[in-house]
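Trainee: I'm new to this one. Could you walk me through it?

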Amino acid sequence: MNWQPFQWRSLKTRVTLFTLVIFVVGIWALALYAGRMLREDMQRMLGDQQFSTVSFVAAEINQELETRLQILNKVAGIISPAILGNPPTLQALLEERLILRGPFNGGTFVTGLDGTAIADVPRTAGRIGINYLDRASMVSALKEGKATIGRPGIGKQQQVPVFVMAVPIRDAQGTVIGALVGVTYLSQANFIDKHIANPYGKTGGYLLEEPQGRLVITATDR
């Protein structure tokens with residue numbers, strides 16, 4: 001049998017090889033483009049999913065905060081000037097309000113217009129007699145009459161990370177006469193933990209950050 005030598009220099013061979021190269025390059029370019037588009041789509045979809053999850057968690061925490069402010073405002077509304085001026089009666093009122101016990105793991109306290117605590121639950125917290133007017137949340141409640149969620153910081157008496165929620169106490173004419181404060185210890189189990197304690201996927205987690213000072217309040221991985 002006679003085999004004719006392969007004609008590498010023939011026009012037909014060159015056209016065939018050129019066509020093959022164009023085909024391979026086209027397939028490679030298409031695969032590269034498809035891979036890039038798929039990666040971008042996956043990143044965008046993952047980002048949307050993360051944003052949706054974080055938005056849901058944020059809404060839940062915000063609702064918890066709003067509920068606690070409503071509770072404080074409700075109790076503050078029944079503290080009259082006469083009750084505020086009678087510390088034993090005020091102390092008894094705080095101790096009798098079971099609605100205050102669950103929402104605030106650090107308890108609650110009442111201050112006069114000068115920012116000094118005059119009633120405290122639990123009493124073992126030792127806040128009575130301490131002045132808190134140097135805290136921005138107290139200034140907002142006492143001087144501006146605004147319900148306020150304070151920045152996280154270190155508690156004066158317990159020396160642990162805390163944040164407070166303060167609402168003004170008013171007389172019948174609407175004048176601010178004191179403040180009711182709810183305390184949350186961040187170092188202990190609190191209402192925020194139940195929303196961010198579970199990790200996101202196998203390796204992810206959440207950070208709750210205070211926007212002004214970019215301070216991390218708490219996180220999935222403490």
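**One helix, two pockets**

Trainee: Which residues are exposed on the other side of α3?

Mentor: This is a predicted model, where local features need pLDDT of at least 70, side-chain atom pairs need 80 or more, and totals for chains, interfaces and linings use all residues. Residues are numbered from 1 along each chain, and side-chain values use heavy atoms, without hydrogens or water. Exposed means over 50% relative accessible area, buried under 20%, and partly exposed in between (1.4 Å probe, protein chains only). On that other side of α3, the exposed ones are P88 and E96.

Trainee: And which residues of α3 are buried?

Mentor: Helix α3 covers residues 87-96; helices are DSSP runs (H or I, at least four residues), strands are E runs of at least two, both numbered from the N terminus. The buried residues of α3 are L90, Q91, L93 and L94.

Trainee: Why do the buried residues line one face of α3?

Mentor: Look down the axis of α3 and take directions from it to the C-beta atoms. The buried residues line one face because they fall within an arc of 160 degrees.

Trainee: Which element gives the largest share of the largest pocket's lining?

Mentor: That pocket has a volume of about 420 Å³, and among the 21 residues lining it, I61, L208, E209, E210 and I217 are the closest to its centre. Two elements give two or more residues each, α1 (11-76) and β7 (207-210). The largest share, six residues, comes from α1.

Trainee: How much space lies in the second largest pocket?

Mentor: Of its 21 lining residues, Y132, R135, S137, V162 and V164 are the closest to its centre. Elements giving two or more are α4 (136-143), β5 (161-170) and β6 (176-185). The space there is about 300 Å³.

How values were computed:
1 Å grid on protein atoms, 1.4 Å probe; cavity = no way out; pocket = protein on both sides within 12 Å on 5 of 7 lines; lining within 4 Å. Points joined across faces, edges and corners; volume = space filled by probe spheres on them.
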